[in-house]
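User: I am new to this structure and would be grateful for a close look at one part of it, namely the annotated binding site. Please describe where its residues lie and what surrounds them.

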Amino acid sequence: MVKRALLTKFLVLGLLVLQTSDVQADSRLESFVHDELQFSQGLGLPSIISFDSDFADDMLNGVDDVVQAWYMDDTTEEDQRLPHHRQPDDPVPLAKLLDLGIVAMRLDADNHENDENLTMIRGQRGYMHMDIVTLTPEKMANYEAMIKRFFEEHLHVDEEVRYCLEGSGYFDVRDDEDRWIRVSVRKGALMVVPAGIYHRFTLDANNYIKAMRLFSGGPDWTAYNRPHDHLPARKKYLAALHKRQE
């Protein structure tokens, strides 16, 4: 029951605008998603009133099987593709990711071409453009150099939406105290990373991921390596975090 309540709060506040009578803390998180971050075409558009409960149940089911997070150690110079757990392990609940403006859910990757849930999300959130990429040494020239490039700390001025169709990888994101959180994504995981948050990406030791990239406008992969604190997207994101902490 506790596990399901946590997942319900996570998805309802982060993706859906469902009718709720939760406590004041939940309203604060909902306000953070709706009013403060104001993702480009996403979380909290007034037109998103609710999703059918069957769809909500589908997306809640097993999200913590495909998305896990933990605070990282400081040894990524050894091999960025290793898990880099702290000792002892320091797990991060999915609700903490939501607290940072990061939304995660689980979809049916085997049926992505005909998935009604994905179609609904794309329509409601305005993700009108998409492509599919495969990252693996066999299909990428200069693979090692490329994953080092992905691992440079950066931000985007629009939200980043990635849906793992096969394989696995890691998103690393900075928390509100500038500590690294490693987020493991596996087949079926869809993640929305807000504009303005510093982050990076790497494959894991399996060296394989096939992912769908979703865009509200035309495809744009512009990355601004740290520091770019002067950008409006960064200032807006920090203001939202500070307001939430008041």
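Analyst: The following account begins with the annotated site and then turns to two of its residues. The model is a predicted one. In the UniProt record, an unreviewed entry, the annotation "binding site" covers H154, H156, E160 and H199. These residues span 46 residues in sequence, yet no two of their C-alpha atoms are more than 11.8 Å apart, so they gather at one spot. H154, H156, E160 and H199 also belong to the lining of the largest pocket.

Consider H156 to begin with. This residue is placed in the loop that runs between β4 (154-155) and β5 (160-174). Its relative accessible area is 13%, and because buried means under 20%, H156 counts as buried. Apart from its neighbours within four places in sequence, H156 is in contact with A195, G196, H199, W221, T222, A223 and A233. One of these contacts, H199, is itself part of the annotated set.

H199 is found in strand β8, which comprises residues 199-203. With a relative accessible area of 1%, H199 is buried. Leaving aside neighbours within four places in sequence, its contacts include the annotated residues H154, H156 and E160. Further contacts of H199 are E152, E153, L155, D172, V173, W180 and V193.

The two residues are also linked directly: the side chains of H156 and H199 are joined by a polar contact of 3.5 Å. Thus a residue of the loop between β4 and β5 is connected through its side chain to a residue of strand β8.

Note on methods. Residues numbered from 1 in each chain as written. Predicted model: local features only at pLDDT ≥ 70, side-chain atom pairs only at ≥ 80, totals over all residues. Heavy atoms only, no water. UniProt positions renumbered as here; feature names shortened; annotations may be inferred. 1 Å grid on protein atoms, 1.4 Å probe; cavity = no way out; pocket = protein on both sides within 12 Å on 5 of 7 lines; lining within 4 Å. Helix = DSSP H or I, 4+ residues; strand = E, 2+ residues; numbered from the N terminus. Buried < 20%, exposed > 50% of the residue type's maximum accessible area, 1.4 Å probe, protein only. Contact = heavy atoms within 4.5 Å. Polar contact = N/O pair within 3.5 Å; in protein donor to acceptor, adjacent residues only side chain to side chain.
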